[in-house]
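Open the model in your viewer and keep the selection box handy. We will go from stop to stop, picking something new each time.

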Amino acid sequence: MIKEHPAEVERLLDFEFISRDKFKQYKSIDVEGLTEIQRAVRFLYIISNSFASKGVSFGYTAIGKPCQKIYDVQNELMLLRDRLKNTIVENKDAIEIIKKYDRPTTFYFCDPPYLGTSGYGAEAKFTLEDHIRLRDTLSNISGKFLLTINDCEEIRKLYKDFHIQEVMVHYSVSRQQAARKEYGELMITNYEN
């Protein structure tokens with residue numbers, strides 16, 4: 001809808017305001033009765049005003065200043081267009097994609113779901129077997145890869161034959177203040193950093 005009707009999407013968003021009640025209204029509305037443009041506006045409103053853009057709960061702080069516009073359609077569309085100009089978007093199993101595009105000049109950035117953690121949803125299960133499959137595939141590629149993953153013993157064992165660098169990452173997207181701290185992650189490559 002942003003591509004086909006950017007002016008109308010932006011016009012409707014220009015008349016919106018940031019409100020917890022409006023957020024709840026958009027969340028509970030029956031989308032079957034909406035036009036495609038109204039659905040796009042609803043989606044943009046929800047992700048723009050939800051905690052961590054997850055679309056689950058209203059996400060504004062008492063100390064922060066609300067943004068002037070909910071979503072700048074024209075500007076965002078141009079940025080997206082420029083960013084995706086030389087990009088191919090695939091929707092297949094990662095192993096299939098790696099094998100299909102593997103060349104000596106290919107660089108893979110791999111960010112699979114962390115082993116033994118939650119928060120990805122039931123549909124995004126990534127088991128130890130999946131991690132083993134990924135490791136085996138990456139072991140045989142012609143290109144280079146950088147994999148980011150949580151620091152745990154199983155991952156260290158799986159990738160012991162690669163270059164492993166420990167990094168501390170500050171996670172600030174959490175409802176609980178106590179969870180907003182630094183965590184250990186691993187950056188694993190098949191080349192020297």
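Two strands count as paired if DSSP finds at least two bridges between them, and the elements themselves are DSSP runs numbered from the N terminus, with at least four residues for a helix (H or I) and at least two for a strand (E). This is a predicted model, in which local features need pLDDT of at least 70 and side-chain atom pairs count only at pLDDT 80 or more, while totals for chains, interfaces and linings use all residues. Residues are numbered from 1 along each chain as its sequence is written, and side-chain values use heavy atoms, leaving out hydrogens and water.

**Stop 1: the strands.** Select E1 (107-110) and E2 (144-150). E1 and E2 pair in the parallel sense over four bridges, and you will find Phe107 opposite Lys144 in E2. Now add E4 (182-189): five bridges join E4 to E2, and these two run antiparallel. Here Leu147 stands opposite Ile188.

**Stop 2: Thr148.** Is this residue of E2 buried or exposed? Thr148 has 12% relative accessibility, so it counts as buried (under 20% relative accessible area; exposed is over 50% and partly exposed lies in between, with a 1.4 Å probe and protein chains only). E2 as a whole is largely enclosed by the rest of the structure, because six of its seven residues are buried. Show Cys110 too: its C-alpha is 6.5 Å from that of Thr148, although the two are 38 residues apart in sequence. Beyond its neighbours within four places in sequence, Thr148 is in contact (heavy atoms within 4.5 Å) with residues including Phe109, Asp111, Tyr114 and Glu185.

**Stop 3: the largest nonpolar core.** A nonpolar core is a set of buried Ala, Val, Leu, Ile, Met, Phe, Trp, Tyr and Cys residues joined through side-chain atoms within 4.5 Å. Select Leu138, Phe145, Leu147, Ile155, Tyr159 and Ile188, which touch the most other members of this 19-residue core. Among the elements giving two or more residues to this core are H5, helix H6 (128-138) and helix H7 (153-158), while E2 gives the most, with three. Elsewhere, a second, separate core of ten residues includes Val9, Val41, Tyr45 and Phe58.

**Stop 4: the second largest pocket.** Finish with Ala94, Ile97, Ile98, Phe109 and Cys110, which lie nearest the centre of this pocket among its 19 lining residues. Helix H5 (94-101) and E1 each supply at least two residues of the lining.

Technical notes
1 Å grid on protein atoms, 1.4 Å probe; cavity = no way out; pocket = protein on both sides within 12 Å on 5 of 7 lines; lining within 4 Å.
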